[in-house]
Amino acid sequence: MNIILIAVDTLRADHLGCYGYHRATSPYIDAFAAESVLFESHISAAIPTHPAFTTINTGQHSITHGIVAHGGQRAIPRTAPWLPQLLGKAGFTTCAVDNLSQWHLDFHRGYEFYIDPTQRRALSINADNREINRRVLPWLEQHHAEQFYLFVHYWDPHTPYLPPRAYRKLFYDGDPCDRANTTLDGLDRHPLGEVWRETWFPQLGANITDANYIESLYDAEIRYCDEGVGALLEAVDRLGLRDDTLVVLTGDHGEMMYRHGIFFDHHGLYEGNLHVPLIMRCPGVTPGRVRELSSHEDLAPTLLDLSGVAVPEAMEGLSLVPWLRDETDAPTRPHLVCEECTWQMKWALRTRTHKFILARQPDVYGTPTRELYDLTTDPQELHNLAPDQPGLVWELETILEGWIRTKMEQNGLAEDPLTAHGLTLGKGRN
Ligand SMILES: [Zn+2]
């Protein structure tokens, strides 16, 4: 069996049709999801990009692999298990079409072929899906007779949202410069607000005032990227690979639009950032949906299990194969621990119904250091229940601190890894 892992950077689950979105952002992904098993509650437990992809490749929580923040100086331990390396040793021809290694060489580890579409210019997060497919499709044609593992990293939904002009009014028919519109008020408190007003928004027109317009451009980028995913899936069919190829689609982390005062970025441990798609089309597996909590640390164990490769003990995630095959109704886990240490220094405990967020440092928005949300009645996390439910806060905080202490002991850490590491991008702003 071959494996294709598609990661769309910055793709939140709830902006896809197959996850219930009201806009037609994802016709190709939706059709693919209808033939697949869709994990409804898949969580990126360590955000953003650098921790998330390290978790995907190691099957470990960030407290164990040590990459707790984006752009941290620490290298991924050479002793950590590494998915492409394990698949390569098991006989897969391994290929990545990706540019993460431009800032961290760790990310080309284990690949026989590492194709960087942006190699000839400075690191660009604007690598266009067509540019990426121009590298992916010829490689696939050349190597499809081998047993392969192919990792494809698309970037379109990442800021700045500047889709091709034909896509810019797909989901918007208002006046983006309406002076009465106040939805972008507060952008100046955002760590990147000034940069965007100077470099990104002017490319869209003078004096943009409507945050909904910017959000519609995020959706347009998803639609544009969806076509790239469609072209890749079409090549899989054309080359006769469908019946022998596992295709997995996910996002490294999501994106905040402007609720909670966080504009168009991936910081804050809210569902917009943590809830990402996981869709797996596996030969011989009946399509369906899994409601149980899953995490990026489950991806590597699951792919190894499906490939018949022993899952290293050092991987902490679960193989999701019993849920994928609908062989169990058991819960995967009672809760997940999430963290970020890039713009903000926070931990979160995500249960099946609630989220408790604990800040080790106050954030730039003046958010309380303890937040509690009931995700069943308040999926947008707009009503902080912490002041009214001190008993539940105490209970969840005890579980969270206990988990952190246990993991610190297991990993020989003397200090909470977030406070020991410090913020990488938010320094001096608190
Ligand atoms: Zn990312």
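Axes here are lines fitted to C-alpha atoms, for helices over the stretch in contact, and angles run from 0 to 180 degrees between N-to-C directions. Helices (H or I, at least four residues) and strands (E, at least two) are DSSP runs, numbered from the N terminus.

This is a predicted model: local features need pLDDT of at least 70, side-chain atom pairs count only at pLDDT 80 or more, and totals for chains, interfaces and linings use all residues. Residues are numbered from 1 along each chain as its sequence is written.

**A helix pair**

Helix α5 (residues 129–143) packs against helix α7 (residues 211–238) at an angle of about 10°, and their axes are 10 Å apart. The two are therefore roughly parallel (angles under 35 degrees). From α5, the contact (C-beta atoms, placed from the backbone, within 7 Å) uses N129, R130, I132, N133, V136, L137 and L140. From α7 come Y224, C225, G228, A231, L232 and A235. By class, this contact has 9 nonpolar, 3 polar and 1 charged residues. Ala, Val, Leu, Ile, Met, Phe, Trp, Tyr, Cys and Pro count as nonpolar, Asp, Glu, Lys and Arg as charged, and the others, Gly among them, as polar.

**A sheet and the helix across it**

An open sheet holds 4 strands in the order β9-β10-β11-β12, with antiparallel pairing (at least two DSSP bridges between two strands). Its edge strands, β9 and β12, each pair on one side only. Neighbouring strands are turned by 15° against each other on average, direction ignored. Strands β10 and β11 run antiparallel and are joined by 5 bridges. One bridge partner pair is L349 with F356 of β11.

| Strand | Residues |
|---|---|
| β9 | 335–341 |
| β10 | 345–351 |
| β11 | 354–359 |
| β12 | 370–374 |

Helix α11 (residues 390–410) lies across β9, β10, β11 and β12, and runs at about 65° to β11. W403 sits in α11. W403 is partly exposed, because 17 other C-beta atoms lie within 10 Å (20 or more would make it buried, 12 or fewer exposed). C-alpha to C-alpha, W403 and I214 are 39 Å apart in space, and 189 residues apart in sequence.

**The whole chain**

The chain has 12 helices and 12 strands. Its C-alpha atoms fill a box of roughly 55 × 55 × 40 Å along the principal axes. The radius of gyration, taken over C-alpha atoms, is 21 Å, which agrees with the value near 22 Å for a compact globule of 430 residues (2.2 Å times the number of residues to the power 0.38). Buried residues make up 49% of the 430. Of the contacts with a separation of 6 or more, 67% join residues 24 or more positions apart.

Technical notes. Contact = placed C-beta atoms within 7 Å. Parallel < 35°, antiparallel > 145°, perpendicular 65-115°, else oblique.
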